[in-house]
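Got the viewer open? Keep the selection tool handy and follow along, one stop at a time.

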Amino acid sequence: MFKKILLWSCAFSMLALCGFAGSDSDRKAKAAKCYGRIRITNIGADYRVKKVSIGADLRVEIVKLAANAPGRWEIVEFAEDYSVEFVELGEDFSVEFVTIAPGVQ
C-alpha cells in the first residue's frame with residue numbers, strides 16, 4: 001500500500017515539474033498575449049518561458065521599435081508591458097527566436 005502511494009505521489013510530482021501547463025490552445029493563447037516591451041527577469045515574472053529551437057508555441061523577433069504584434073519583443077530594463085523568466089521546466093509556453101515571420105505557431 002505504501003509503495004502505491006509513493007508511486008502515485010512521484011508520478012504526480014513529475015507531471016507538475018515537467019510543465020503540465022494545460023492544453024495546446026491554452027499555451028498558444030498565453031503566447032499570443034506576450035508582445036511589446038519585455039523585461040527579462042530571474043524571479044516573479046508574468047510568464048515562464050522555455051527557449052527551444054523547433055516546435056515553439058511562439059516565434060519571437062527582437063525589435064527596436066514597433067513591438068505591436070504577437071512575437072515582436074522590444075527588450076527593456078524598465079517600464080515593461082510584461083516580464084519573462086526563462087526556465088527549463090514548468091513553462092507557460094515555449095519560444096523560438098527568429099529574424100523573420102514572428103508570431104503564434
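Start with Glu61, which sits in strand S3; strands here are DSSP runs of E, at least two residues long, and helices are runs of H or I, at least four long, with both numbered from the N terminus. Before going on, note that this is a predicted model, where local features need pLDDT of at least 70, side-chain atom pairs count only at pLDDT 80 or more, and totals for chains, interfaces and linings use all residues. Residues are numbered from 1 along each chain as its sequence is written, and side-chain values use heavy atoms, with hydrogens and water left out.

**Stop 1: Glu61 and its partner**

Is Glu61 buried or exposed? Glu61 counts as buried because its relative accessibility is 17%; buried means under 20% relative accessible area, exposed means over 50%, and partly exposed is in between, using a 1.4 Å probe and protein chains only.

Now add Arg72 to the selection. The side chains of Glu61 and Arg72 are joined by a polar contact of 3.4 Å. That term covers a pair of N or O atoms within 3.5 Å; within protein, one must be able to donate a hydrogen and the other to accept it, and residues adjacent in sequence count only if both atoms are side-chain atoms. Arg72 is also the bridge partner of Glu61 in S4. S3 and S4 run parallel, with 2 bridges between them; strands pair if DSSP finds at least two bridges.

Show the rest of the surroundings too: setting aside neighbours within four places in sequence, Glu61 is in contact (heavy atoms within 4.5 Å) with Gly71, Arg72, Trp73, Val98, Thr99 and Pro102.

**Stop 2: the core**

Next, select Ala31, Cys34, Ile38, Tyr47, Val49, Leu58, Val60, Trp73, Val84, Phe93 and Val95, the 11 residues of the largest nonpolar core. Strands S2 (47-51), S3 (58-62) and S6 (93-97) each supply at least two of these core residues. A nonpolar core is a set of buried Ala, Val, Leu, Ile, Met, Phe, Trp, Tyr and Cys residues joined through side-chain atoms within 4.5 Å. In soluble globular proteins, nonpolar side chains tend to be buried together.

For a view from inside, centre on Cys34. Beyond its neighbours within four places in sequence, Cys34 is in contact with Tyr47, Leu58, Gly71, Trp73, Tyr82, Val84 and Phe93.

**Stop 3: the rings**

How many aromatic pairs does a search of the whole structure find? There are 4. Two rings of Phe, Tyr or Trp (its six-membered ring) pair if their centres lie within 6.5 Å; planes under 30 degrees apart are stacked, over 60 edge-to-face, and the rest tilted.

Pick Tyr47 and Tyr82, a tilted pair at 5.6 Å centre to centre with 55° between the planes. Tyr47 is in strand S2 and Tyr82 in strand S5 (residues 82-86), so this pair ties together parts 35 residues apart in sequence. Tyr47 is buried at 10% relative accessible area, whereas Tyr82 is partly exposed at 25%.

Then jump to Trp73 and Phe97, an edge-to-face pair at 6.1 Å centre to centre and 85° between the planes. Trp73 lies in strand S4 (residues 72-75) and Phe97 in strand S6, so the pair ties together parts 24 residues apart in sequence. Trp73 is buried, at 0% relative accessibility, while Phe97 is partly exposed at 37%. Back at Tyr47, add Phe93: ring pairs link Tyr47, Tyr82 and Phe93 into a cluster.

**Stop 4: along S1**

Switch to cartoon and find strand S1 (residues 36-40), joined to S4 by 3 bridges in a parallel arrangement. On this side, Gly36 stands opposite Trp73 and Arg37 opposite Glu74. S1 is also joined to S5 by 3 bridges, again parallel, and Ile38 has Tyr82 as its bridge partner there.

**Stop 5: two loops**

Follow the loop between S1 and S2 to Ala45, which is partly exposed at 22% relative accessible area. Measure to Ser83 in your viewer: the two are 38 residues apart in sequence, yet 4.9 Å apart in space, C-alpha to C-alpha. Ala45 touches Ser83, Val84 and Glu85, not counting residues up to four places away in sequence.

Finish in the loop between S5 and S6, at Asp92. Asp92 counts as buried, at 17% relative accessibility. Leaving out neighbours within four places in sequence, its contacts are Arg27, Lys30, Asp46, Tyr47 and Arg48.
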